[in-house]
Amino acid sequence: MFKRGVFIGMVTIFAMLFIQACGVTSPYVTGAKIDMQNKDYKKATEKLNLAIKNNSKDYQAYYLLGKIYAKEKKYEDMVSMFKKSTKINKEYEKDINAEIEAAWVEVIKDANASYKSGLNFLNNNKPEEKYKKAFSVAVKKGEQAAILMPEKYENYMILIYSYYYLGDYDKSLKHAQKLYELKPGDIQSLKNIAVIYLGKGDLDKANEYYVKAYEIDKNDKDVISRIAAYNIEKENFDKALEMYDALLTLDPKNTTVLYNKGLLLYQKKQDVNGAIAAFRKILDNKKDDLEVTLILSEILVEEKRYDEAISLILPNIESFEADSEMKKRAYDSLFFAYSGKGDNMKAKKYFIE
């Protein structure tokens with residue numbers, strides 16, 4: 001037979017277990033709800049912590065604590081409490097998800113506004129302290145947004161660029177890599193990482209990521225241009241020409257690419273005919289490009305193709321004469337062309353001391 005004290009103790013334990021099993025609300029939780037209605041969140045927090053101390057499986061207490069932390073914008077604590085609640089019981093899961101999303105929408109809106117302000121200050125040459133302050137706020141809000149909904153793409157875009165403009169390339173890189181983990185194969189993520197490495201001065205690592213991006217999408221003109229520039233820097237001229245040709249396949253009339261290709265062929269590969277062909281393609285599409293006309297005429301003179309050089313310069317002579325520097329270069333080409341032809345009378349006309 002049980003002794004009276006032991007029996008009463010066992011009844012008490014079974015009663016507590018029964019209450020917990022049936023989900024009967026703790027008096028601490030009941031009191032906390034009243035405090036929350038009265039907006040006395042300090043007292044409510046104290047009571048909810050007592051409820052948890054009394055019963056570590058009280059998912060309602062965790063849920064209510066999460067709601068208090070949401071109001072106080074303590075998002076890390078909020079998420080922690082909500083996770084504990086749903087791990088024990090999913091009764092409030094729908095409400096929790098709605099609460100988290102609502103907080104995220106508010107935070108990401110503030111982060112985006114601060115980021116745009118920073119960009120505006122930066123692009124309009126405002127004092128450094130102005131754009132740094134704006135980007136610092138964007139960073140703070142972006143980090144909060146990432147705590148709330150770590151799977152959201154927008155968080156990391158704001159963090160990547162805000163940290164980048166603040167000069168904190170390591171943190172920018174950390175978030176860029178996180179974004180790539182979330183979206184493997186994402187071209188923009190690879191480009192973000194490459195740009196950060198450029199900021200750090202690591203051209204080799206930057207090119208590594210541009211090449212990865214190119215392997216995924218061979219139609220991204222920006223990526224191809226970056227790879228071409230890297231190979232020019234490294235004097236890998238054949239690879240650079242390969243990239244220029246890839247760009248011209250996508251955009252055959254791109255005058256900038258044709259210009260760079262022409263210079264590279266002439267100056268580094270000694271491919272005179274290839275260079276002339278590139279510059280002529282520019283003039284086919286843009287006959288009034290005076291700089292290209294001058295460069296091409298100078299090459300033609302060096303190659304003793306005097307009549308071709310003269311035929312390029314003379315139709316544009318008035319335009320060249322309007323600029324002293326261009327006039328000198330145009331007259332020099334005509335002087336050497338006529339001299340090469342043996343027409344000293346005409347050559348003398350274009351001689352400038």
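How many nonpolar, polar and charged residues are in the lining of the second largest pocket? The split is three nonpolar, three polar and four charged. Bear in mind that we're looking at a predicted model here.

Let's stay with that pocket for a moment. The second largest pocket holds about 170 Å³ of space. Its lining takes in Arg280, Leu283, Asp284, Lys287, Thr293, Glu308, Ser311, Leu312, Pro315 and Asn316. Two helices, H15 (272-285) and H17, each chip in at least two residues of that lining.

H17 also has a helix partner, H19. The axes of H17 (residues 306-313) and H19 (residues 324-341) come within 9 Å and cross at roughly 145°, and the crossing is left-handed. Here's who meets whom, helix by helix:

| Helix | Residues in the H17–H19 contact |
|---|---|
| H17 | Tyr306, Asp307, Ile310 and Ile313 |
| H19 | Ala330, Ser333, Leu334, Phe336, Ala337, Tyr338, Gly340 and Lys341 |

Sorted by class, this contact has eight nonpolar, two polar and two charged residues.

Now for a single residue, Lys261, which sits in helix H14 (residues 255-267). Is Lys261 buried or exposed? Lys261 counts as buried because its relative accessible area is 18%, and buried means under 20%. Setting aside its neighbours within four places in sequence, Lys261 is in contact with Leu241, Tyr244, Asp245 and Leu248.

Notes
Residues are numbered from 1 along each chain as its sequence is written. This is a predicted model: local features need pLDDT of at least 70, side-chain atom pairs count only at pLDDT 80 or more; totals for chains, interfaces and linings use all residues. Side-chain values use heavy atoms; hydrogens and water are left out. Axes are lines fitted to C-alpha atoms, for helices over the stretch in contact, and angles run from 0 to 180 degrees between N-to-C directions. Helices (H or I, at least four residues) and strands (E, at least two) are DSSP runs, numbered from the N terminus. A crossing is left-handed if the near helix is turned anticlockwise from the far one by less than a right angle, and right-handed if clockwise. Contact means heavy atoms within 4.5 Å. Ala, Val, Leu, Ile, Met, Phe, Trp, Tyr, Cys and Pro count as nonpolar, Asp, Glu, Lys and Arg as charged, and the others, Gly among them, as polar. On a 1 Å grid over the protein atoms alone, a cavity is a set of points where a 1.4 Å probe fits but cannot get out, and a pocket is an open set with protein on both sides within 12 Å along at least five of seven lines; lining residues have an atom within 4 Å of a point. Grid points are joined across faces, edges and corners, and a volume is the space filled by probe spheres set on the points. Buried means under 20% relative accessible area, exposed over 50%, partly exposed in between (1.4 Å probe, protein chains only).
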